[in-house]
Amino acid sequence: MKLMKKIQKGKTLQTVSRAITILRCFKGGTLSLGLADLTNIMELNKVTVLRIAKTLVEEGMLNKDTESGEYTISYGVLELVRELQNPSNIISFARPILQKMHELSGETVLLSLRDGNDAVVEHEIPSLKPIKYSLGIGYRADLRIGAVGQAILSCLSNEEIENLLNKPEVKDALGDLLTEADIRKNLKFVQSQDFLCTTGQRVAGAAGVAAPFATPCKSLVGSVSIVLPETRFTTGEQNHFATIVKEGAMKINAILAGNPRALEGGQNEKRVVNDK
């Protein structure tokens, strides 16, 4: 299958585009490919592909087996990925998205990441309203509790989900049990609608709306959310906030997938009602 895109003269550096395309041939690091394989996939002449592959080896982006001559993704690429997935780096590129969510909602906005079986708040922009909810950076809660955690849980593998649901039952902020059936219902909702609303699960009297994001290989999973007092959580606001968190998560997903145009354009300033 041909991977090379038509390169518009004057808009990209052809050699850089070809080098990136070679890296993408390895499908996330799962393949070993020889020079002939790369040449066939890219539909370029062998000399061109060899020169680019050799450069990538020298720069630590590819490994070459001296016996077989096959290439594999190097830990140099993985190190770059690990740096990208560092919470401080995620926050740096997500901050403009979170700020826009804050402006559109007027409520507290959170970015949370999975840490084992918990969701941890990594960044927060508190509401400016006199009555608000502010959980604070470092706030930790079971993934099974609340929209923030359940949005993250919905992205995990079936095995991980089952392992968590088989653990002892958890209670909400008022001490009521969260049943496995209710959690499964919420997970199905997130997986079909890309957001979730809950009230009073993590904090009594608080409501939350969250949408998940993840790297393509699910090595990092998180959610963006809006939290506020239940008294301000009308049906109209639910739909409005759902639109905001879904668009915020979509932009972060695009960035994590390597889409350089992810931040172009703005979020819809108007309130759009979700009829689903």
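Here are a few questions and answers about a predicted model.

User: Are helix 1 and helix 3 roughly parallel or roughly perpendicular to each other?
Analyst: Happy to walk through it! The axes of helix 1 (residues 14-24) and helix 3 (residues 46-58) come within 10 Å, with a crossing angle of roughly 75°. Angles of 65 to 115 degrees count as roughly perpendicular, so helix 1 is, relative to helix 3, roughly perpendicular.

User: Which class of residue, with seven members, appears in the contact of helix 1 with helix 3?
Analyst: Let's look at who meets whom. Helix 1 brings Arg18, Ala19, Ile22 and Leu23, and these meet Thr48, Val49, Ile52, Ala53 and Leu56 of helix 3. By class, this contact has one charged residue, one polar residue and seven that are nonpolar.

User: Where is Asp194, and is this residue buried or exposed, or partly exposed?
Analyst: Good one to check, as Asp194 has a positive phi of about 70° without being a glycine. Most residues other than glycine have a negative phi. Asp194 sits in the loop between helix 8 (180-193) and strand 8 (196-199). Its relative accessible area is 45%, so Asp194 counts as partly exposed.

User: What is the geometry of the aromatic pair formed by Phe189 and Phe195?
Analyst: A search of the whole structure finds one aromatic pair. Phe189 and Phe195 form that pair, 5.3 Å centre to centre, with 80° between the planes. Planes over 60 degrees apart count as edge-to-face, so the pair is edge-to-face.

User: Which residue of that pair counts as buried?
Analyst: Buried means under 20% relative accessible area. Phe189 has 34%, so Phe189 is partly exposed. At 7% relative accessibility, the buried residue is Phe195.

Definitions and conventions:
Residues numbered from 1 in each chain as written. Predicted model: local features only at pLDDT ≥ 70, side-chain atom pairs only at ≥ 80, totals over all residues. Heavy atoms only, no water. Axes fitted to C-alpha atoms, helices over the stretch in contact; angles between N-to-C directions. Helix = DSSP H or I, 4+ residues; strand = E, 2+ residues; numbered from the N terminus. Parallel < 35°, antiparallel > 145°, perpendicular 65-115°, else oblique. Contact = heavy atoms within 4.5 Å. Nonpolar A, V, L, I, M, F, W, Y, C, P; charged D, E, K, R; others polar. Buried < 20%, exposed > 50% of the residue type's maximum accessible area, 1.4 Å probe, protein only. Phe/Tyr/Trp six-rings, centres within 6.5 Å; stacked < 30°, edge-to-face > 60°.
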